[in-house]
Amino acid sequence: MGDPADRSPADGQTPAPEQWAREPERGSEWLLRLMLRIAVTVGRPFASRLLGPIALFFWLRTPAARAASREFLSHVWQRPAGPLQSLRHYRVFAQTILDRIYLLGDGGDQGFDIRVIGEPVMLQALARGQGAFMVGAHLGSFEVLRAIGRRQPGLRVSMAMFEDNARKIGALLRSIDPRLELDVVALGRVDSMIEIQQRLDQGHFVGFLADRSFKGDAVVQVPFFGRPAPFPTGIFRMAAVLRRPVLMMAGLYRGGNRYEVHFDMLVDFSEVARGERAARVEQAVACYAARLEQHCRAAPFNWFNFYDFWGAPASAPPGQDRVQPEPPARGDDER
């Protein structure tokens with residue numbers, strides 16, 4: 001599901017990664033509100049035609065995010081990315097924001113063509129009935145999982161996010177259309193972990209976006225497109241304590257009405273001895289980063305971290321870790 005009010009790339013300045021949790025939504029909240037109005041009024045086909053001018057508007061007014069877009073695409077392709085490619089990057093971001101509205105609603109899937117890869121991995125975890133951690137990233141759409149849930153009985157996904165963001169997002173969605181809602185576990189409260197465990201015991205998949213580190217997070221440096229990047233470990237450590245499997249899900253937008261959903265098993269902590277947990281956590285983070293890189297190579301315009309991802313702080317202060325959560329072959333979203 002993810003945070004529909006992500007602050008990228010709609011803000012005029014691009015904050016450091018640790019600021020994402022505490023800064024108020026500004027430009028992209030306005031963009032989401034606009035998209036909601038358009039979506040419920042005219043429907044997806046016509047609304048999609050309006051995204052070009054909207055993307056151009058935000059592309060022109062956000063130079064820092066625009067530069068980050070070109071830097072990321074250049075890393076992926078190993079060649080300089082041009083301004084039109086960066087604009088296309090914004091256009092894909094705008095499309096996935098629009099599609100979130102339909103994917104979160106109960107009014108059908110708007111004719112989405114969704115291909116699932118690795119579905120047996122997800123079904124096996126679901127059949128165990130013990131719940132699982134489902135980690136995604138600011139890549140494509142986490143909300144497309146909801147569409148899969150409609151056709152897969154028993155699949156229930158709760159999204160973990162910070163309480164203030166969850167409250168704002170929920171109020172915004174309900175103000176436009178009461179059918180639009182998120183099943184949220186609020187982070188940052190004393191009982192957050194208890195609630196997560198209760199959801200897991202009920203067989204839920206609890207979703208986290210595991211690619212951003214925040215101030216106070218414990219992180220490890222792992223390779224990402226040939227450069228070390230900081231990835232938080234808290235989600236994986238929580239899964240280790242609760243002895244649950246961790247799956248990765250990536251919902252890639254592939255152009256038109258098509259999405260491609262990938263499921264991968266990263267680690268099953270129910271089978272990991274206590275003394276092995278620390279090493280397995282680091283291995284799981286490295287595996288997550290490698291899978292994330294693979295998906296980015298397949299669909300680079302789906303990457304929605306519009307800031308210097310490699311410039312994030314190398315480590316968190318001791319004792320202050322906090323649980324949070326050759327160019328490639330051209331994919332459909334590049335044409």
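Contact here means heavy atoms within 4.5 Å. On that basis, M193, I196, Q197 and L200 in α9 meet M238, V241 and L242 in α10. By class, this contact of α9 with α10 holds six nonpolar residues, one polar residue and no charged residues. The model is a predicted one.

The protein chain contains 11 helices and nine strands. Of its 335 residues, 59% are buried. The chain exposes about 13400 Å². Carbon and sulfur atoms supply 53% of that area.

Three helix pairs were examined. Two packed helices are described by the angle between their axes and the distance between the axes. For α9 and α10, the angle is about 60° and the axes lie 12 Å apart. The angle is neither under 35 degrees nor in the range 65 to 115, so α9 is oblique to α10. The crossing of α9 and α10 is right-handed.

Helix α10 spans residues 234-242 and also packs against helix α11, residues 277-298. The axes of α10 and α11 come within 9 Å and cross at roughly 135°. This angle makes α10 oblique to α11. The crossing of α10 past α11 is right-handed. On the α10 side, the contact is formed by F236, R237, A240 and V241. On the α11 side, R277, V281, A284, V285 and Y288 take part. Seven residues of the contact of α10 with α11 are nonpolar, none is polar and two are charged. V241 of α10 appears in the contact with α9 and in the contact with α11.

Helix α4 (residues 63-77) packs on helix α5 (residues 83-104) at an angle of about 105°, with the axes 9 Å apart. The angle falls within 65 to 115 degrees, so α4 is roughly perpendicular to α5. From α4, the contact draws on A65, R66, S69, R70, F72, L73 and W77. From α5, P83, Q85, S86, H89 and Y90 contribute. The contact of α4 with α5 comprises six nonpolar, four polar and two charged residues.

Individual residues were then considered. S69 lies in helix α4. Its relative accessible area is 1%, under the 20% limit, so S69 is buried. Beyond residues up to four places away in sequence, S69 touches S86, H89, Y90 and F306. S86, H89 and Y90 are among the α5 residues in the contact with α4. S69 and P83 are 14 residues apart along the chain, and their C-alpha atoms are separated by 9.3 Å.

S192 sits in helix α9, which covers residues 192-201. With a relative accessibility of 5%, S192 counts as buried. Neighbours within four places in sequence aside, S192 is in contact with V185, A186 and L187. F162 is 30 residues from S192 in sequence, with a C-alpha to C-alpha distance of 9.9 Å.

D264 belongs to strand β9, residues 258-268. Its relative accessibility is 14%, under 20%, so D264 is also classed as buried. Residues up to four places away in sequence are not counted in its contacts. The contacts of D264 are V121, V246, L247, M248, R291 and H295. R291 and H295 fall in helix α11, residues 277-298.

Note on methods:
Residues are numbered from 1 along each chain as its sequence is written. This is a predicted model: local features need pLDDT of at least 70, side-chain atom pairs count only at pLDDT 80 or more; totals for chains, interfaces and linings use all residues. Side-chain values use heavy atoms; hydrogens and water are left out. Axes are lines fitted to C-alpha atoms, for helices over the stretch in contact, and angles run from 0 to 180 degrees between N-to-C directions. Helices (H or I, at least four residues) and strands (E, at least two) are DSSP runs, numbered from the N terminus. Angles under 35 degrees count as roughly parallel, over 145 as roughly antiparallel, 65 to 115 as roughly perpendicular and the rest as oblique. A crossing is left-handed if the near helix is turned anticlockwise from the far one by less than a right angle, and right-handed if clockwise. Ala, Val, Leu, Ile, Met, Phe, Trp, Tyr, Cys and Pro count as nonpolar, Asp, Glu, Lys and Arg as charged, and the others, Gly among them, as polar. Buried means under 20% relative accessible area, exposed over 50%, partly exposed in between (1.4 Å probe, protein chains only). Accessible areas come from the Shrake-Rupley method with a 1.4 Å probe; for residues, only the protein chains shown count as cover.
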